[in-house]
Amino acid sequence: MVSSARPQTLPYHRSWQKACHYSRHTFFKFDPDQGTVCDRHGQRNLLTTEDFIIGLQKGLEHEVGEASGWLMYLIGQEWGVEDAAQFKGWFQDEFGMYFKDASLRFALETWWWPLTAQGWGKWQVDLSSVKEGFLFVDLYDSAVAKTLGDVGKPVCFLYAGLFAGFFSSFFDRALSSTEIQCYSMGNEFCRFLIGSEKRVKAAEFWLTSGATAGDIEARLQDIRTEADLDAVNRS
């Protein structure tokens, strides 16, 4: 996918001292006269309650049935692509460098911080398998899963699509994503796999067969060729 090697140390840029701006009073601009809330990057935000998420989920299920999860994934994917385009612009404006010239982890953490400020939860990125072409994201306090509660199945399709869209744009490579562990399944946090479509399909097959997130991670580490993945997906 990409090299995980860190670039050489880059010179300090004067705008970096303004980068820590993710408090309610510095990240958001509230305009009560216009009834708008905009963030630091000029994007308009909408304040909602948990009822909105429940209504959206139930409404889609009513309209399209089991396809609601796939539809939420597509919505998230489009969001991720658009957000990646926005991120590339404001990252360069804010730090005075192209995002790929920065440390990989620094760039990714910089992208996610605004989403944390907006209430989408905290994350932790596992880049240990990035050279093999896939990675994992642990999500804490998923807005979707926390709202829907323990329903016994993965529910964060919106996030999965978001990660697929963003990382595809970030790495200039077609990537898919799936949730292999969810707070709504009784887990402490949600865990996502981002990788090729074949890897994702294999992981989804194992998940439906009763594998845990740990099992899936171990099996993916053992698979080295596309032929191995094809064999899994044909089974």
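**Figure 1. Contacts that reach far along the chain.** Take the contacts between residues at least 6 apart in sequence: 58% of them join residues at least 24 apart. Keep in mind that this is a predicted model. The chain is built with nine helices and seven strands.

**Figure 2. Inside and outside of the chain.** Of the 235 residues in the chain, 44% are buried. As for the outside, the accessible surface adds up to about 12800 Å², and carbon and sulfur atoms account for 51% of that surface.

**Figure 3. F87 and W90, an aromatic pair in helix α3.** The model has 31 aromatic pairs. One of them joins F87 and W90, whose rings meet edge-to-face, with 5.2 Å from centre to centre and 85 degrees between the planes. That angle earns the label because planes over 60 degrees apart count as edge-to-face. How far apart do F87 and W90 sit in helix α3? They are three residues apart, so about one helical turn separates F87 from W90 in this helix, which covers residues 68–95. Both F87 and W90 are buried.

**Figure 4. F166 and F170, a tilted pair in helix α6.** Here the ring centres of F166 and F170 are 5.5 Å apart, and because their planes are at 35 degrees, the pair is tilted. Helix α6 spans residues 157–171 and holds both F166 and F170, four residues apart, or about one turn of the helix.

**Figure 5. A look at how covered F166 and F170 are.** Are these two buried or exposed? F166 is buried, with a relative accessible area of 0%. F170 has a relative accessible area of 4%, so F170 is buried too.

Key. Residues numbered from 1 in each chain as written. Predicted model: local features only at pLDDT ≥ 70, side-chain atom pairs only at ≥ 80, totals over all residues. Heavy atoms only, no water. Phe/Tyr/Trp six-rings, centres within 6.5 Å; stacked < 30°, edge-to-face > 60°. Helix = DSSP H or I, 4+ residues; strand = E, 2+ residues; numbered from the N terminus. Buried < 20%, exposed > 50% of the residue type's maximum accessible area, 1.4 Å probe, protein only. Contact = heavy atoms within 4.5 Å. Areas by Shrake-Rupley, 256 points an atom, 1.4 Å probe, with all protein chains shown as cover.
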